[in-house]
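Work through these exercises with the model open beside you. Try each task before reading its solution.

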Amino acid sequence: MSSESVALQAENISVSYGPVHVLKHVSLRLMVGECVSLIGPNGAGKTTLMGALSGGVPVTGGRVLLNGQDVTAWRAEKRARAGIGRSFQTTHLFPTLTTLENVYLAVQAREGTNAWDYLRRVRKRLLDEAESRLEQVQLTAHRDKPSGTLSHGDKRKLEVAMLLALKPNVLLLDEPTAGMAVSEVPGMLQLIDALKAQRAYAMVLVEHKMDVVMQLSDRIVVLHQGQVLAEGEPDEMMHNADVAQAYLGGRHETRA
Ligand SMILES: Nc1ncnc2c1ncn2[C@@H]1O[C@H](COP(=O)(O)OP(=O)(O)OP(=O)(O)O)[C@@H](O)[C@H]1O
Ligand SMILES: [Mg+2]
C-alpha cells in the first residue's frame, strides 16, 4: 500500500485523565475509501479515540496525521475544516430550527460568512446544496419541520447530512444507530453503505451491533482497556479467542 493512500493515522496515542490512563499507545491506520470498525466493550476507550482523532480530546502522547500532515496540535474546528468529520454518540442539533435550516447552517459554517454572503445569490447556492444534502439522506419530506420533532432515526440522518455538508474526507461515526428503533436501523445502514460505496471517504465506525459491523467493515480494530487488542478482517476477528474473551461480561447492546 502506498503511503499516499493513508487518509488518517494515529501513532501511539495516549489519553489520560489525571492518573487514569484511558488510551495507552493506540495506533491506527485508515486508508482512503476504507471502512474500519472500532469495537470493544463499554468503557474500552472508543469514543475517547474518536475524540483524539477529531481534536475534541487532547492527547497526552502520540501523533495524529491527516493525509500525512501532523494535526496533533490542531483544534477540532481546524481539523474539521481540513476534512475530519465527526458524528457524536448523542445528537447535536438545533431543535427549533427546521431540518433544512440545520443543514444550511452546516453548509454556511463550511463556507465561512461575512456580511456580503447574505446576498441572495450566495444564499441560494448554499440553500441548494443544503437541499441536496437532505435528499442524500432521504429527509426531503421533512425539510420544513423543526428538527426537534423528527424521529430519533431521522435526527441521526440529519446529523449525517450536516456532517457531509462540511465536505469531509474522513468520517468518524460514533454509534450511528444508537438509540434507534429497530425499524429505523436499515435506513441508516443503507446510508452508510452508500457513502462507503463512493469510496471517497475513509470511515471509522464505532458500533456495538455485530451484524452491522460484519456488514460494513473492511477491517475491524478491537479496543480493550485502552489498548488495541487485535485487528484484522471481520471473519478473522469473529473467530479470535482474545476478542471473544474481552467481550465476556463486557459487551452489551444498550442504546440499541
Ligand atoms: N472526561 C473524562 N474524564 C474522566 N474519565 C473519562 C472521561 N471520558 C471518558 N472517561 C473514561 O474513559 C474510559 C473510556 O471511555 P469511552 O467513553 O471512550 O469508552 P467507550 O469505549 O466509548 O464506551 P461505550 O461503548 O460505553 O460508548 C471510561 O472508563 C470512561 O469513564
Ligand atoms: Mg462510546
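Buried residues account for 49% of the 256 residues in the chain. Keep in mind that this is a predicted model.

**Exercise 1. Overall shape**

Task: Find how many helices and strands the chain has, then compare its radius of gyration with the globule rule.

Solution:
- Step 1. Count the elements. The chain has nine helices and ten strands.
- Step 2. Compare the radii. The radius of gyration is 18 Å, close to the 18 Å that the globule rule gives for 256 residues. The chain is therefore as compact as a globular protein of that length.
- Step 3. Take the dimensions. Along the principal axes, the C-alpha atoms fill a box of roughly 60 × 40 × 40 Å.

**Exercise 2. The ligand site**

Task: Describe the shell around ligand 1 and list polar contacts made by Ala44, Lys46 and Thr48.

Solution:
- Step 1. Collect the neighbors. Ligand 1 is surrounded by 14 residues. Gly43, Lys46, Thr47, Thr48 and His208 are the closest.
- Step 2. Sort the shell by class. It holds four nonpolar, seven polar and three charged residues.
- Step 3. Look for the main contributor. Helix H1 (residues 46–54) gives the largest share of the shell, three residues.
- Step 4. Check distances to oxygen atoms of the ligand. The cut-off for a polar contact is 3.5 Å. A polar side-chain atom of Thr48 lies 2.5 Å from a ligand oxygen. For an N or O atom in the side chain of Lys46, the distance is 2.7 Å. Ala44 uses a backbone N or O atom, at 3.2 Å.
- Step 5. Turn to coverage. On its own, ligand 1 has 640 Å² of accessible area, and the protein covers 60% of it.

**Exercise 3. Helix H1**

Task: Decide whether H1 is largely enclosed or open, and say what follows it.

Solution:
- Step 1. Set the cut-off. Buried means under 20% relative accessible area.
- Step 2. Apply it. In H1, the buried residues are Lys46, Thr48, Leu49, Met50, Gly51, Ala52, Leu53 and Ser54.
- Step 3. Conclude. Eight of the nine residues of H1 are buried, so the helix is largely enclosed by the rest of the structure.
- Step 4. Move past the helix end. Gly55 follows H1 and has a positive phi, near 100°.

**Exercise 4. Strand E3 and its partners**

Task: Establish how E3 is covered and which way it runs relative to E8 and E9.

Solution:
- Step 1. Test burial. Five of the five residues of strand E3 (residues 35–39) are buried.
- Step 2. Split the faces. Cys35, Ser37 and Ile39 lie on one side, Val36 and Leu38 on the other; both faces are covered.
- Step 3. Recall the pairing rule. Strands of a sheet pair through backbone hydrogen bonds, either parallel or antiparallel.
- Step 4. Pair E3 with strand E8 (residues 202–206). Four bridges join them, and they run parallel. Cys35 has Met203 as its bridge partner in E8.
- Step 5. Pair E3 with strand E9 (residues 219–224). This pairing is also parallel, over four bridges. Leu38 is bridged to Val221, and Ile39 to Val222.

**Exercise 5. From E9 to E10**

Task: Assess the burial of E9 and follow the chain into E10.

Solution:
- Step 1. Count buried positions. Five of the six residues of E9 are buried, so this strand is largely enclosed by the rest of the structure.
- Step 2. Find the next partner. E9 is joined to strand E10 (residues 227–232) by five bridges, and the two run antiparallel. Val222 has Ala230 as its bridge partner in E10.
- Step 3. Inspect the turn. E9 and E10 form a hairpin with two residues between them. Gln225 in the turn has a positive phi of about 50°.

**Exercise 6. The open sheet**

Task: Give the strand order of the four-stranded open sheet and identify its edge strands.

Solution:
- Step 1. Trace the order. It is E2-E1-E4-E5, with antiparallel pairing.
- Step 2. Mark the edges. Strand E2 (20–31) and strand E5 (69–70) each pair on one side only.
- Step 3. Examine the E1–E4 pair. Strand E1 (residues 6–17) and strand E4 (residues 61–66) share five bridges in the antiparallel sense. Gln9 stands opposite Leu65 in E4.

**Exercise 7. An outlying loop residue**

Task: Classify Ser183 as buried or exposed.

Solution:
- Step 1. Locate the residue. Ser183 is in the loop between strand E7 (170–174) and helix H6 (185–197).
- Step 2. Apply the cut-off. Exposed means over 50% relative accessible area. Ser183 has 63%, so it is exposed.
- Step 3. Add a distance. The C-alpha atoms of Ser183 and Val122 are separated by 38 Å, and the two residues are 61 apart along the chain.

How values were computed: Residues numbered from 1 in each chain as written. Chains lettered and ligands numbered in written order. Predicted model: local features only at pLDDT ≥ 70, side-chain atom pairs only at ≥ 80, totals over all residues. Heavy atoms only, no water. Near = heavy atom within 4 Å. Polar contact = N/O pair within 3.5 Å; in protein donor to acceptor, adjacent residues only side chain to side chain. Areas by Shrake-Rupley, 256 points an atom, 1.4 Å probe, with all protein chains shown as cover. Nonpolar A, V, L, I, M, F, W, Y, C, P; charged D, E, K, R; others polar. Buried < 20%, exposed > 50% of the residue type's maximum accessible area, 1.4 Å probe, protein only. Pairing = 2+ DSSP bridges. Rg over C-alpha atoms; globule rule 2.2 N^0.38 Å.
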